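I opened this notebook to keep track of what I looked up, one topic at a time. The entries follow the order in which I went through the coordinates.

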Amino acid sequence: MGVQVNRVKDKKTHGDVTIEDCEGGYDGEYICHVNGCNAEMSFVYSYEQRRLEKVITVPSFFKLKQNQKHSYKLCPYNTEGAVEVIARDSDPNVLRSLDNNKYEFSLQILHQPELREDESGATKKSTPPPKKIPKGKAYTKKGTASSYIKVLNQVLTLRSKLEEDSELASLIVLNYRGKKVKWSNFYFEEEQYISAYNLIEDRKVQYPMCFTGVISKLIGPTEKFKYWKIKLHSPFYELLDNVTPIPSIELIVADKGLDLSGYSEGQRLLAYGVVKTSVGEWVPPKERDEKEPKIINFFNMSLWINHHEQIFVLKP
């Protein structure tokens, strides 16, 4: 386990080796490129993953060999050391040190509910109804938002580079309003979207969740709905003979300060916030002429981006 990296050193020559070198045919034995860290690495070629709408490509990367570990004191790719560095410079109200080299991260909702438009264009209040808030204005607890966002982005960026959830789960305890939240109930990749939907439906308290995924399309504002939407690819499922449940995620961009010019189909991103759910039925085009068409039941999850730093593109 460990952080995925883009370059290493040749174990014999200590010369730098990049992903492009290996994709071009370079073959050898590799160690971490950080001086003083001799953790052995291996190369993983790019591979394809099937999604509901298309096949996407996972870029090549280097990873730790089994039973290897980056140097704790010398290497920034050591997960425990990376978390320690984040915690050292963090607001203790956001990420605080516990015993046994563990840390507690306090989940927060960045914004109060605001007046929004539904799909028909009608303005309605969120539930529970907020105090009077000027339309379009969002609030955070004074003095905590910037430090919280900084730490949140650092932790989530670190997780996106790790091969498995278990490493951060063993180091960070999540706390939402005094209640413990499992890391596996907070951070979700494509194959885990259905688990996220079930959690939201089963629980009355909706704490913030984090999703990583690949953009399938960007949808501009319309007369009926004034916000941009970013849709993520859904996982692939073989259609059943009757109804197949498939999770679907869209990000609704309510923050006008978010510049969408840097976003495009195929990019992998992270998004964080409170999710609202709905269900929609859809018959795929190939099934519409069948006597008993196979139907998709979309379990929709809508995540409102009220602050531009709730979402960011992951660099390969």
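**Aromatic rings**

I began with the rings, and found that Phe105, Tyr148, Trp183, Phe186, Tyr187 and Tyr272 form one aromatic cluster. I note at the outset that the model is a predicted one. My count of aromatic pairs over the structure came to 17. For Trp183 and Tyr187 I read a centre-to-centre distance of 6.2 Å and an angle of 20° between the planes, so I entered the pair as stacked. I then checked accessibility, and both Trp183 and Tyr187 are buried.

I looked next at Tyr197 and Phe299, an aromatic pair that is also stacked, with 4.4 Å between the centres and 15° between the planes. Because Tyr197 lies in helix H5 (residues 193-202) and Phe299 in strand E20 (residues 295-305), this pair ties together parts that are 102 residues apart in sequence. Tyr197 and Phe299 are both buried.

**Charges over rings**

I searched for charged groups above ring faces and recorded two cases here. The charged end of Arg50 sits over the ring of Phe236, at 3.8 Å from the ring centre, and Lys229 lies over the face of Phe225, where the distance to the ring centre is 4.7 Å.

**Nonpolar cores**

Which residues have the most contacts inside the largest nonpolar core? I found that this core has 57 residues, and that the residues in question are Phe105, Leu107, Phe186, Phe211 and Ile230. Apart from this core lies another, of 15 residues, including Val8, Tyr30, Cys37 and Phe62. As background I wrote down that nonpolar side chains in soluble globular proteins tend to be buried together.

I followed Leu107 further and, leaving aside neighbours within four places in sequence, listed its contacts as Tyr148, Leu174, Asn175, Tyr176, Val181, Phe186, Tyr207, Pro208 and Tyr272. Of these, Tyr148, Phe186 and Tyr272 had already come up as members of the aromatic cluster.

**Helix H2**

I went along helix H2 (residues 79-88) and marked Thr79, Gly81, Ala82, Val83, Ile86 and Ala87 as buried. At the N-terminal end of H2 I found a cap from Asn78, which has a side-chain oxygen 3.1 Å from the backbone nitrogen of Glu80.

**Cysteines**

How many disulfides does a search of the whole structure find? My search returned zero. I looked at Cys75 in particular, for which the nearest cysteine sulfur is that of Cys32 at 3.7 Å; a disulfide would require the sulfur atoms to be within 2.5 Å, so Cys75 is not in one. With a relative accessibility of 3%, Cys75 counts as buried, and Cys22 is likewise buried, at a relative accessible area of 1%.

**His14**

I located His14 in the loop between strand E1 (7-10) and strand E2 (16-18). Is His14 buried or partly exposed? Its relative accessibility is 44%, so I entered His14 as partly exposed. Not counting residues up to four places away in sequence, His14 touches Lys9 and Ile31. His14 and Ile31 are 17 residues apart in sequence, and I read 8.3 Å between their C-alpha atoms.

**Whole chain**

I closed with totals: the protein chain has five helices and 21 strands, and 45% of its 316 residues count as buried. Among contacts between residues at least 6 apart in sequence, 60% join residues at least 24 apart.

How values were computed: Residues numbered from 1 in each chain as written. Predicted model: local features only at pLDDT ≥ 70, side-chain atom pairs only at ≥ 80, totals over all residues. Heavy atoms only, no water. Core = buried A, V, L, I, M, F, W, Y, C linked by side-chain atoms within 4.5 Å. Buried < 20%, exposed > 50% of the residue type's maximum accessible area, 1.4 Å probe, protein only. Contact = heavy atoms within 4.5 Å. Phe/Tyr/Trp six-rings, centres within 6.5 Å; stacked < 30°, edge-to-face > 60°. Helix = DSSP H or I, 4+ residues; strand = E, 2+ residues; numbered from the N terminus. Lys NZ or Arg CZ within 6 Å of the ring centre and 35° of its normal. Polar contact = N/O pair within 3.5 Å; in protein donor to acceptor, adjacent residues only side chain to side chain.
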